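Please open the model in your viewer and keep the selection tool at hand. The tour below goes from the whole chain to chosen residues, one selection at a time.

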Amino acid sequence: VALLCLCCALPLVGISPGCMLLSAALAIVGGCGAALDVAMNAEASDSDRMRQGTPMMSRFHAVFSIGFGLGGVAAGAAAGCGLSPASNFVAAGVTILVPSPGILWALGGPSPGKQDSNVSLLHDNTMGGHELEDSPDSTSVSSVSLIYNKQILLIGIAAFIGSVGEGSMGDWGSVYFHGTLGASEAWAPAGFVAFNVTMTIVRFLGDHAIEQYSPSRVLTAGSVAAGAGLLAAASVPAWRAAQVVALVGFALVGAG
């Protein structure tokens with residue numbers, strides 16, 4: 001559903017005549033994209049949990065980064081060829097929509113094993129592994145425990161912070177290079193490219209790093225790298241060779 005809504009909503013961004021309608025179209029696209037992102041991560045999480053041996057979650061995200069980068073290159077090439085925004089967004093929607101039936105068919109529905117795994121994981125996370133007595137209030141107690149589970153809240157905060165950083169690189173990186181650092185239009189996307197390249201490489205290596213070390217150590221190292229990169233990129237307007245320093249900062253954020 002989210003995929004179909006996204007494909008239908010994308011052309012609205014290109015044809016919206018005013019600021020209010022454009023804002024509404026962007027809100028629709030953002031909501032559909034977020035719902036699709038959650039669905040993709042849930043499917044990847046199920047596949048990773050059901051797989052025996054080497055984890056694959058980081059590589060799922062790496063493949064997503066490749067598609068993200070290719071989409072940016074295609075959009076830039078289309079704009080360079082004089083394609084109108086409306087045509088560009090329509091082409092993007094069609095490009096996403098055409099292979100979708102085959103992809104969804106290949107994924108199929110949730111298997112009983114996945115459902116059992118999800119139920120077991122939810123029970124362990126929300127109830128701490130303790131049995132609840134059968135009562136009319138057990139469902140409500142489970143919901144409250146899920147909402148106020150400290151681990152889920154902390155993960156949500158971390159995901160929010162990561163989304164702000166990643167969104168800043170993708171949505172405002174070129175604007176920052178061109179408007180603040182004075183880069184040419186040809187050089188403006190360089191920060192985004194550096195960010196996406198390092199992010200893809202590190203994501204392909206992420207599963208191996210988690211196996212060799214631990215999720216907490218990898219998370220700490222990534223947080224330090226991303227924080228240092230953001231600090232460097234935000235501080236460079238007062239420096240000489242600002243664009244080069246910002247480029248390194250963007251690359252560090254992608255690696256983190």
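How much area does the protein expose, and what share of it do carbon and sulfur atoms supply? The protein exposes about 16,100 Å², and carbon and sulfur atoms supply 70% of that area. Please keep in mind throughout that this is a predicted model.

**The whole chain**

Begin with a cartoon of the entire protein, in which you will find eleven helices and zero strands, so that every step from the N terminus on reads α-α-α-α-α-α-α-α-α-α-α. If you then colour by burial, 25% of the 256 residues count as buried. Among the contacts between residues at least 6 apart in sequence, 66% join residues at least 24 apart.

**The aromatic cluster**

Next, select Tyr-176, Phe-177 and Phe-250, which ring pairs link into a cluster; the structure holds two aromatic pairs. In one of them, Tyr-176 and Phe-250 are stacked, with 6.5 Å from centre to centre and 15° between the planes. This pair links distant parts of the chain, since Tyr-176 belongs to helix α8 (residues 150–180) and Phe-250 to helix α11 (residues 242–255), 74 residues apart.

Now turn the view to Phe-177 and Phe-250, whose ring centres are 5.2 Å apart and whose planes stand at 90°, so that the pair is edge-to-face. Because Phe-177 lies in helix α8 and Phe-250 in helix α11, this pair ties together parts that are 73 residues apart in sequence. Are these two phenylalanines, Phe-177 and Phe-250, buried or exposed? Phe-177 has 0% relative accessibility and Phe-250 has 2%, and because buried means under 20%, Phe-177 counts as buried, as does Phe-250.

**The nonpolar cores**

Keep those three residues selected and add Leu-181, Phe-195 and Val-236: of the 14 residues in the largest nonpolar core, these six, Tyr-176, Phe-177, Leu-181, Phe-195, Val-236 and Phe-250, touch the most other members. Helices α8, α9 and α11 each supply at least two residues of this core, and the largest share, four residues, comes from α11. A second, separate core consists of ten residues, including Ala-2, Ala-25, Val-29 and Cys-32. In soluble globular proteins, nonpolar side chains tend to be buried together.

**A nonpolar patch on the surface**

Switch to a surface view and select Val-63, Ile-66, Leu-70, Val-193, Val-197, Ile-201, Val-202, Phe-204 and Leu-205, which make a nonpolar surface patch of about 770 Å². Helix α3 (57–80) and helix α9 (190–212) each supply at least two residues of the patch, and α9 gives the most, with six residues. One of the patch residues, Ile-201, is found in helix α9 and is partly exposed, with a relative accessible area of 46%.

**Thr-200, the last stop**

Finally, select Thr-200, which is also found in helix α9. Thr-200 has 10% relative accessibility and therefore counts as buried. Which residues is Thr-200 in contact with, leaving aside its neighbours within four places in sequence? Thr-200 is in contact with Ala-62, Ser-65 and Ile-66. To end the tour, you can draw a distance between the C-alpha atoms of Thr-200 and Phe-68, which are separated by 9.8 Å although the two residues are 132 residues apart along the chain.

How values were computed:
Residues numbered from 1 in each chain as written. Predicted model: local features only at pLDDT ≥ 70, side-chain atom pairs only at ≥ 80, totals over all residues. Heavy atoms only, no water. Buried < 20%, exposed > 50% of the residue type's maximum accessible area, 1.4 Å probe, protein only. Contact = heavy atoms within 4.5 Å. Areas by Shrake-Rupley, 256 points an atom, 1.4 Å probe, with all protein chains shown as cover. Phe/Tyr/Trp six-rings, centres within 6.5 Å; stacked < 30°, edge-to-face > 60°. Patch = residues over 30% accessible without salt bridge, like charges linked within 9 Å, V, L, I, M, F, W, Y side chains within 5 Å. Salt bridge = Lys/Arg side-chain N within 4 Å of Asp/Glu carboxyl O. Core = buried A, V, L, I, M, F, W, Y, C linked by side-chain atoms within 4.5 Å.
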